[in-house]
Amino acid sequence: MFLILLAMSIVQVSYLIIALFVFGVSSNTQGDTLNNHTIEEGDVEGKWHQEANGMQIVTSETIEEHFTKWKQQHPKASMFWVDGQGTLANQVNVKEQLPAEWSAVYTAKFIKQHYGGDPFTVIAFVGQDEMNGFVVLEMPRSEFDPPLKNIYDEYGLIFVSGVIFIIFLFLLVSFLFFRSIRKRLLQLQEAMEIRDVDGLPIEITVKKKDEIGQLEKTFNQMVFELRESKQSEQKEEQLRRELIANLSHDLRTPLTKVRAQTYSIAKEVLSEEGQKAIESLEASVVNIDRLIENLMSYTLLMASKYKFETKDIDVIRYVRECLALWYPVFEKEEFKFEVNLTPFEQNKWKIDPIWLGSIIDNLLQNVLRHAKSGGYICVKTESTNLYDAIVISDKGNGMKNESDEAGAGIGLSIVDMMVKGMKLDWDIESSEVGTTIKIKKYK
């Protein structure tokens, strides 16, 4: 508010400051001139007549004294005396060329030329006798101007320059002030954009206790609360992972017992319905075991503790080996299984074979569980100018349709993390007529 009010009145304030300064300087240099009132023409004229007419003894010396006295009072005045015989007897500070002898005609002409003009001219007879001649006083009319006008005429350039300087100084100070504010705001913005190892903003140093300082303090408080929240979240995540790992491990023991008992019951003589129930129970045990395995793998991947070792492998050969293990499974489920693995220009991929095997297993399990209605699976290779890819496609109902099986989400999450962990890429195209998944390695 102070800056706004000052900006609104800066010109007036500048005039006032410079006027006071100039007035002080002129008071020191001009003495009492500023303390005197404005000189009036009538006063000067009346006083000149009075003193000239009041002279009792008219000699060259008395005229000289009279001129000297007036010269002290009015330094810029000029005076001369023409005696009764028309002779120019005495002159002081006269700059124009005057004749030595004055005739009546020249005197009349002089009066006519100087009356009402500049310089201001007063003619007075000396003493009581007109035969003593007359004295003439000439003064520049600027002498009758007010003192402040004379000061402005003398110091006008300084006055204008001073006002401009103050305005410029105000603009400079304002610029520096707002630049300082902008700099601090930019520092705060940079602090908001910079992240530490935890992905959180860094704290900023509070240097001042003004409004921006309060904002910086609030920002630091926010960072502190975010850091505490992050630490709390990490602790909770760690507890959750440990819980999942412990549960996965603990569930395997009773699941093993269930599988053993199921195997024992299957060897007994059962009815047809009992045999079907045992087969369904065995399938459920297998699914539960797989879900536990996926849950364990997902937890280890999230904690970056899943073993990862890359090596150069022949990816075509490795995929063929993985498919050979799955072929009997799909044949049992009466799937049409097509394989068309054409070699790439570069068959060597630097990847983790265990991770690639897990990716293929998860994708084939999803086909087996969710695309049985299509009864078809195809695994092939695809090469473009940008990438080489392994393509797995089926003719199921697509991922948007409901399936009798559940739990595919965690399997695809594992696939996503493993693909990205090996610096590969993948995409999914799914519709009502089937799903196509491509695992890509860019060239």
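I began by fixing my terms: a residue is buried under 20% relative accessible area, exposed over 50%, and partly exposed in between. I also noted for myself that this is a predicted model.

**Entry 1, salt bridges**

With that scale in hand I looked up Arg141, which has 24% relative accessibility and therefore counts as partly exposed. Its side chain meets that of Glu41 in a salt bridge, with N to O at 2.6 Å. I then traced where the two partners sit: Glu41 belongs to helix H3, while Arg141 is in the loop between strand E4 (134-139) and H6, so the pair links distant parts of the chain, 100 residues apart. Glu41, at a relative accessible area of 32%, is partly exposed as well.

Next I turned to Asp210, whose salt bridge with Arg184 brings the closest N and O atoms to 2.7 Å. Because Asp210 lies in the loop between H6 and helix H7 (211-266) and Arg184 lies in helix H6, the pair ties together parts that are 26 residues apart in sequence. I compared the covering of the two ends: Asp210 is partly exposed at 28% relative accessibility, whereas Arg184 is buried, with a relative accessible area of 11%.

I also recorded a salt bridge between the side chains of Lys336 and Glu338, at 3.4 Å from N to O, and found that Glu338 is partly exposed at 31% relative accessibility. The count of salt bridges in the model comes to 10. As a general reminder, side chains of opposite charge can pair when their charged atoms come close.

**Entry 2, helices H3 and H4**

Since Glu41 is in helix H3, I looked at how that helix packs. Helix H3 (residues 41-53) lies against helix H4 (residues 60-73) at an angle of about 160°, and their axes are 12 Å apart. Angles over 145 degrees count as roughly antiparallel, and H3 and H4 are therefore roughly antiparallel to each other. I noted the crossing of H3 and H4 as right-handed.

**Entry 3, along helix H6**

I went on to two phenylalanines of helix H6, beginning with Phe159, which lies in that helix and counts as buried at 12% relative accessibility. Phe159 and Ile17 are 142 residues apart in sequence, yet I read a C-alpha to C-alpha separation of 9.7 Å in space.

Phe165 is also placed in helix H6 (residues 147-193), but at 51% relative accessibility Phe165 counts as exposed. I found that Phe165 contributes to a nonpolar surface patch of about 670 Å², made together with Phe168, Leu169, Leu172, Val173, Phe175 and Leu176.

**Entry 4, backbone exceptions**

Most residues other than glycine have a negative phi, and most peptide bonds are trans, and I searched for departures from both habits. The peptide bond from Asp118 to Pro119 is cis, with omega near 15°, and Pro119 is in the loop between helix H5 (104-114) and strand E3 (120-125).

For phi, I listed Asn93, which has a positive value near 60° without being a glycine; Asn93 is in the loop between strand E2 (88-92) and H5 and is partly exposed, with a relative accessible area of 34%. Lys423 likewise has a positive phi of about 60° although it is not a glycine, and I located Lys423 in the loop between helix H11 (408-421) and strand E10 (425-431), where Lys423 counts as exposed at 78% relative accessibility.

Key
Residues are numbered from 1 along each chain as its sequence is written. This is a predicted model: local features need pLDDT of at least 70, side-chain atom pairs count only at pLDDT 80 or more; totals for chains, interfaces and linings use all residues. Side-chain values use heavy atoms; hydrogens and water are left out. Patches are made of residues with over 30% relative accessible area and no salt bridge: like charges are joined within 9 Å, nonpolar side chains (Val, Leu, Ile, Met, Phe, Trp, Tyr) within 5 Å. Accessible areas come from the Shrake-Rupley method with a 1.4 Å probe; for residues, only the protein chains shown count as cover. A salt bridge is a side-chain nitrogen of Lys or Arg within 4 Å of a carboxyl oxygen of Asp or Glu. Helices (H or I, at least four residues) and strands (E, at least two) are DSSP runs, numbered from the N terminus. Buried means under 20% relative accessible area, exposed over 50%, partly exposed in between (1.4 Å probe, protein chains only). Axes are lines fitted to C-alpha atoms, for helices over the stretch in contact, and angles run from 0 to 180 degrees between N-to-C directions. Angles under 35 degrees count as roughly parallel, over 145 as roughly antiparallel, 65 to 115 as roughly perpendicular and the rest as oblique. A crossing is left-handed if the near helix is turned anticlockwise from the far one by less than a right angle, and right-handed if clockwise.
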